[in-house]
Amino acid sequence: MSIKIRYFASLKDSLGRSEDDLAWTGLLSVRDVWQGVNATKPLPNNVLVAVNMDYVTLDHLVKDEDEVAFFPPVTGG
Amino acid sequence: MAIMIRHAAFDPWQEIQQYQNLATSGYGATSIFIGTMRDFNDGDTVKAMTLEHYAGMTEKQLEKIVAEAKQQWAVLDALVVHRVGHILPNEPIVLVSVWTLHRGDAFDACRYIMEALKSHAPFWKKELLITDEERWVTHNTDGYKSS
């Protein structure tokens with residue numbers, strides 16, 4: 001299973017990168033995706049998550065070729 | 001219905017006029033919200049702002065928000081325009097315009113779209129202060145609370 005991961009705004013700045021890729025086999029939640037590519041950095045408390053551009057919870061299971069995005073609270077408008 | 005992401009300054013009044021002339025008819029009420037960049041925030045002078053967005057998700061979420069408004073109120077048409085990129089004080093950031101038969105639906109649907117945009121559309125503001133310090137805006141205020 002291949003997952004594309006994207007980061008935005010202050011989270012992108014603090015990680016120092018905007019994207020990751022993760023190859024995996026078996027069931028994988030969004031929380032697992034974060035840990036798979038950020039093993040030493042805990043998931044921020046207020047982070048929002050989207051899969052294929054729809055909001056999901058951290059327990060949401062991902063599928064092959066999903067795009068997972070992590071970002072801080074939105075501040076548009 | 002139209003959702004537009006603009007990378008350069010826009011004139012909200014021109015946008016409304018053009019869209020209304022081309023797309024909208026049969027309305028009896030129009031409600032308009034325009035958000036404009038302030039030159040101050042949290043006690044500091046702000047000289048510019050960069051608005052980042054998640055292209056694709058932004059449009060998807062805004063379309064969903066407008067569809068939700070149309071389910072709740074008798075909306076004939078709606079226009080949402082949002083800036084991204086480098087923005088200067090007094091430039092418009094967002095325009096929401098809603099056309100309906102009667103004023104109640106226009107006011108309520110316009111308010112709903114704007115408040116949902118503030119909490120769900122993936123945009124992020126980074127301010128450039130007068131001191132040249134840059135800082136991310138960390139949260140939006142609750143539009144239903146008085147400031």
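Buried residues make up 34% of the 147 residues in chain B. That number comes from a predicted model, so treat everything here as computed from that model. In chain A, 29% of the 77 residues count as buried. Here's a tour of both chains, the place where they touch, and a few residues worth a click.

**Chain B overall**

- Chain B is built from 3 helices and 9 strands.
- Starting at the N terminus, its elements go β-α-β-β-β-α-β-β-β-α-β-β.
- A compact globule of 147 residues would have a radius of gyration near 15 Å, and chain B comes in at 16 Å, so the two agree.
- If you line chain B up with its principal axes, the C-alpha trace spans about 50 × 30 × 25 Å.
- Take the contacts in chain B with a separation of 6 or more: 75% of them link residues 24 or more positions apart.

**Chain A overall**

- Chain A has 2 helices and 5 strands.
- Walk along its sequence and you get β-α-β-α-β-β-β.
- For 77 residues, a compact globule would have a radius of gyration near 11 Å; chain A has 12 Å, which agrees.
- Its C-alpha atoms fill a box of roughly 40 × 25 × 20 Å along the principal axes.
- Among contacts in chain A with a separation of 6 or more, residues 24 or more positions apart account for 53%.

**Two helices crossing in chain B**

- Find helix H2 (residues 57-72) and helix H3 (residues 103-120) of chain B: their axes come within 9 Å and cross at roughly 150 degrees.
- That angle makes H2(B) roughly antiparallel to H3(B), since anything over 145 degrees counts that way.
- The crossing of these two helices, H2(B) and H3(B), is right-handed.
- On the H2(B) side, the residues that meet H3(B) are Gln61(B), Leu62(B), Ile65(B), Val66(B), Ala69(B) and Gln72(B).
- Their partners in H3(B) are Ala109(B), Tyr112(B), Ile113(B), Ala116(B), Leu117(B) and His120(B).
- Sorted by class, this contact of H2(B) with H3(B) has 9 nonpolar residues, 3 polar ones and no charged ones.

**Where the chains touch**

- Here, 25 residues of chain B are in contact with 13 residues of chain A.
- On the chain B side, the elements giving two or more residues are strand E4 (44-53), H2, strand E7 (92-100), H3 and strand E8 (123-129).
- H3(B) provides the largest share of that side, with 5 residues.
- By class, the side of chain B that touches chain A has 13 nonpolar, 8 polar and 4 charged residues.

**Phe71 and Ala9 in chain A**

- Phe71(A) sits in strand E5 (residues 67-71) of chain A.
- Phe71(A) counts as buried because it has 22 C-beta neighbours inside 10 Å, and the cut-off is 20 or more.
- Phe71(A) and Tyr7(A) are 64 residues apart in sequence, yet their C-alpha atoms are 5.8 Å apart in space.
- Leaving out neighbours within four places in sequence, the contacts of Phe71(A) in its own chain are Tyr7(A), Phe8(A), Ala9(A), Leu11(A) and Leu48(A).
- Phe71(A) also contacts Tyr54(B) and Pro122(B) in chain B.
- One of those partners, Ala9(A), is in helix H1 (residues 9-15) of chain A.
- Ala9(A) is buried too, with 23 other C-beta atoms within 10 Å.
- Ala9(A) has a phi near 55 degrees, which is a positive value in a residue other than glycine.

**Asp42 and Ile16 in chain B**

- Asp42(B) has a positive phi as well, near 50 degrees, and it isn't a glycine either.
- Look for Asp42(B) in the loop between strand E3 (40-41) and E4 of chain B.
- Asp42(B) is exposed, because just 10 other C-beta atoms lie within 10 Å and the cut-off for exposed is 12 or fewer.
- Ile16(B), found in helix H1 (residues 12-23) of chain B, is partly exposed, with 19 other C-beta atoms within 10 Å.
- Setting aside neighbours within four places in sequence, Ile16(B) is in contact with Ile32(B), Leu79(B) and Ser97(B).
- Ile16(B) and Gly143(B) are 127 residues apart in sequence and 23 Å apart in space, C-alpha to C-alpha.

Conventions:
Residues numbered from 1 in each chain as written. Chains lettered and ligands numbered in written order. Predicted model: local features only at pLDDT ≥ 70, side-chain atom pairs only at ≥ 80, totals over all residues. Axes fitted to C-alpha atoms, helices over the stretch in contact; angles between N-to-C directions. Helix = DSSP H or I, 4+ residues; strand = E, 2+ residues; numbered from the N terminus. Parallel < 35°, antiparallel > 145°, perpendicular 65-115°, else oblique. Left-handed = near helix turned anticlockwise from the far one by under 90°. Contact = placed C-beta atoms within 7 Å. Nonpolar A, V, L, I, M, F, W, Y, C, P; charged D, E, K, R; others polar. Rg over C-alpha atoms; globule rule 2.2 N^0.38 Å.
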